[in-house]
Amino acid sequence: MSDENRSVKISSEQQGADISYPVIKKDHYEKMKGEAEYIRDVPFEGLYESAFVRTTIPHGRIRKINLPDLPEGYHSIGGEDVPFNRCHSVGDEQPVFTDGEVRFIGEAILMIAGPEKKICEELCSRTEVEYDELPAVLELKDATESYQDYHYDKGDPDKAFREAHEVYSETFETGYQEQAYIEPQGVVSVYDREKDLLQIFGSMQCPYYVHGALKIAFERDDSQVRVVQTVTGGAFGGKEDYPSLVSCRAAAAALKTGHPVRISYGRREDMSVTTKRHPAILEYSAALDEQGLITGLRVRIRLDAGGYPGLSCVVLQRSVIAASNVYNVPNMDVSGSIMYTNTPSNGAFRGFGGPQSIFAVETLMNHLAARYGMTPLEYRRKHFFKEGDVTSTNGRVHQHVPIPEMLEKAEELIDYSRKYEEYGKPQTGRYRRGIGMSVFFHGCGFTGSGEAGVPIKDENGNITGYNGGSSLKLVKDNKDRVEILISNTDMGQGLKTTFSKIASKCLGIPYEDVTVKNPDTQRVPNSGPTVASRSIMITGKLVERAALKLKAQWIPGEHQEIEEKYIHPDFLIPWDNDTFQGDAYPAFSYGLNVAEVELDTLTGASRLIDAAGVFDVGHTIDRTIMLGQAEGGMLQAFGYGSMEKMESRNGRLMQNSFTDYMIPTSMDTVPFRIAFIDNPYSWGPFGAKGAGELTLDGGAAAYEAALEEAMGREMSAIPATPERVLKALDGGTEG
Amino acid sequence: MISFTLNGEKVESRGNGNERLLDVLREEFSLTGPKEGCGEGECGACAVLMDGRLTNSCITPLANAAGREVVTIEGYSRTDRYRVLEKCFAEEGAVQCGFCTPGMVMAAEGLLSVDPDPSEEDVRLAISGNLCRCTGYNMIIKAIMRASKEGKGLW
Ligand code: FES
Ligand code: FES
């Protein structure tokens, strides 16, 4: 552990020091003491519990529902109790309560609410549902119907393939990944009859998503809906749009029963029915010149969206845009589809479509390097893009790309090249070792012009401006304490702390005098969702600008309020979402992972023995918090590449608990060697860029590369389970 | 009535013996520090100390607590040992979403009370029944190691 970030000193007074200097997190004490109130810890008067009757077939129609007699105080709630029975995500496809067509196992048909959870559950289990079954699509590889397709070209891919010295093709597969936040999904709805106010309290990333979904489903105005985030026990994308669905159900029950109603998933229920990372099939063809360098790529990406499209199209956008990762590929032909299957819907998970593409590209690079007698690093060096180069979508790499510095740092931290050479020599014996590297990026913020709001077009279709965009408010009281009013949530990633640091630093007031509370849509403006690694770079920049404005107008002892609205960077090549041309992101964050593994050739089991991560997230707002993002994200990535296995069989997810879906424990990891490269971005607060997702984008590829070296065999699928490894060792084609 | 010691006080529970200790703690005694992450003994979010031993309260029937000494984070957080852990967890950035934290703290105490000077491997093993999805564990391990040094003499 040679790393300078390891021994941090803490001071609550960070005035004068670099902003990166760690502080005690705003919510540290309440969380340590167990006093922080997660939704299940909040008492509600007259609270009703609930349980669900769920679909048991993958595809069909509901013919009849036979409810048992409900005892006094127990109510059944279904589609007829929701005025517009659809839960808004990107579109309005998924019913709040499934009423006609069944599209996957585990959809909620109806809910029983009442005083005792056990009785609700028992009543649900005695409810009989009759179906007319329909043929189901159970595997991504058999899927033929897509919800949405994207395609873009760069350069002249046909020519590149026509003139190629050689064409190399490979198909990659990636599996499910479950977010496995330790606090399961949970919300409580309270209907205030007097004020006609429909309220939701709960564990979530995006209060305004829930707010929007409730307004649509219950046909209400802004002021008739209130959403309050409670302390959230991890989310990782799993609480991006899913809480909208549970909230609509809880709200229907609260309206019908007149009681507060709680939905609180058990672990098995949570894992069985909530959204996961999309399984993917990625077909790559590379046009190569005489030296084996890539002149063109043809890429077809299919993501398994499941029974409803949800956020899948946005996830797919990221996958297709990342199709060439950090490499210069002059000619590209990229298309992607989100496929309809009769399996639980998939959605957001940290990385958001990136990890699938990055696994494929990074593995492809390794395989091509081997074919042309180069080391993975030599081969990559011939392809890395740099400032001024053209991105996959004909945008520009606008800022410095510190990959050379990152490589140097990685050598220093873990001695990659020497170990690569050593493990490359023939190995004998049962246990063998390998080391693998991945280099990757993450586009910061929403894809395309999403951040700017809805484009206003003139009659020729040219964009002349934008409507919407995030805003926030600073409120100073007469004791000169400042509260930041934002809708972004702290779900463990430390936003309360980092936002407070930005404001206090700009205002020149103590960190203790700045507060951020859990958002309540009745108090905070819409500063956008807590997604896409946008919070620090986008909302954080708003905090910075608002704080500087307040400082300029500062009147001691007086109440003051400042509002600030998002400004779109002026250096961008406008994004066209129809053709996928232009700057997809204003900036990229960069990552480099190295994994060193030991493989047991007898059992196919492998374990991590050393690992390094080097990241460029601009300038870090808090070194300790950033280290936490790196540590946590990398371990999730290694889990994704190695042990986290989930499969659906006949439309049913076969793993639904921590007993059969294994996430890494403390015994599955080792001390990581982590370093950050300082590369400030002028449109981010104090130079910060996006950070949270980047850390999970590349670890799986590094892990698999290490295994391949240990085995002396190639693989093209993750997770690298012992069965897959043994198959590859046998010389069979795994997949 | 089942009586036991809870955070240093003698208590009697109205619950019946096969109720889960976790529910009794959270509902009857309003101690919501122990959390439910899985309900099957797999995650450690519900961990408490029973006669000093780390115990997952979600798979412990109330009857097992009879006559024993149960300590939850609420009781433990009043001790000097806790304060050392609190400081070291802060300095090492060992808390993110916090849902695993009360259980982790109990696991730390469970270890340090029998082994005040653990190796890194000892710590790794001691928290191996506590899942944390946020931190990747290393910062928690550092924090516990550091507490064992800074809190010398307390354990
Ligand atoms: S809730 Fe008890 S071990 Fe998970
Ligand atoms: S801090 Fe979130 S689970 Fe450990």
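**Figure 1. Secondary structure and overall dimensions of chain B.** In this predicted model, chain B contains six helices and five strands. Read from the N terminus, the elements of chain B follow the order β-β-α-β-β-β-α-α-α-α-α. Along the principal axes, the C-alpha atoms of chain B occupy a box of roughly 40 × 30 × 20 Å. The radius of gyration of chain B is 15 Å, and this agrees with a compact globule because a globule of 155 residues would have a value near 15 Å.

**Figure 2. The two domains of chain B.** The domain assignment divides chain B into domain 1, residues 2-75, and domain 2, residues 79-150. A distance of 20 Å separates the C-alpha centres of domain 1 and domain 2 of chain B. In chain B, 17 residues of domain 1 are in contact with 14 residues of domain 2. Between them, domain 1 and domain 2 of chain B bury about 1,100 Å², and carbon and sulfur atoms account for 69% of this area. On the domain 1 side, the residues that lose the most area to domain 2 are L49(B), L54(B) and I73(B), which together make up 39% of what that side buries.

**Figure 3. Contacts and composition at the domain boundary of chain B.** Zero salt bridges are counted between domain 1 and domain 2 of chain B. Three residue pairs are in polar contact across this interface, both residues of each pair being at pLDDT 80 or more. Two elements of chain B, β3 (47-50) and α2 (73-76), give two or more residues to the side of domain 1 that touches domain 2. The largest share of that side, three residues, is supplied by β3(B). By residue type, the side of domain 1 of chain B that touches domain 2 comprises eight nonpolar, six polar and three charged residues.

**Figure 4. The interface between chain A and chain B.** Here 55 residues of chain A are in contact with 47 residues of chain B. The two chains, A and B, bury about 4,000 Å² between them, with 58% of it on carbon and sulfur atoms. Within chain A, the residues that lose the most area to chain B are M32(A), I182(A) and S666(A); together they represent 18% of what that side buries.

**Figure 5. Polar interactions and contributing helices at the interface of chains A and B.** Four salt bridges are counted between chain A and chain B. One of them joins D41(A) to K35(B), where the closest N and O atoms are 2.5 Å apart. Across the same interface, 26 residue pairs are in polar contact, with both residues at pLDDT 80 or more. In chain A, α1 (28-32), α6 (267-273) and α14 (623-641) each contribute at least two residues to the side that touches chain B. Of these, α14(A) provides the largest share, eight residues. The side of chain A that touches chain B divides into 25 nonpolar, 18 polar and twelve charged residues.

**Figure 6. Two backbone features in loops of chain A.** Most residues other than glycine have a negative phi, and most peptide bonds are trans. The peptide bond from I718(A) to P719(A), however, is cis, with omega near 0 degrees. P719(A) lies in the loop between β28 (717-718) and α17 (722-729) of chain A. F580(A), a residue other than glycine, has a positive phi, near 55 degrees. The loop that holds F580(A) connects β22 (560-565) and β23 (588-600) of chain A.

Key. Residues numbered from 1 in each chain as written. Chains lettered and ligands numbered in written order. Predicted model: local features only at pLDDT ≥ 70, side-chain atom pairs only at ≥ 80, totals over all residues. Heavy atoms only, no water. Contact = heavy atoms within 4.5 Å. Buried area = accessible area lost by both parts, 1.4 Å probe. Salt bridge = Lys/Arg side-chain N within 4 Å of Asp/Glu carboxyl O. Polar contact = N/O pair within 3.5 Å; in protein donor to acceptor, adjacent residues only side chain to side chain. Helix = DSSP H or I, 4+ residues; strand = E, 2+ residues; numbered from the N terminus. Nonpolar A, V, L, I, M, F, W, Y, C, P; charged D, E, K, R; others polar. Domains from an automatic or database assignment. Rg over C-alpha atoms; globule rule 2.2 N^0.38 Å.
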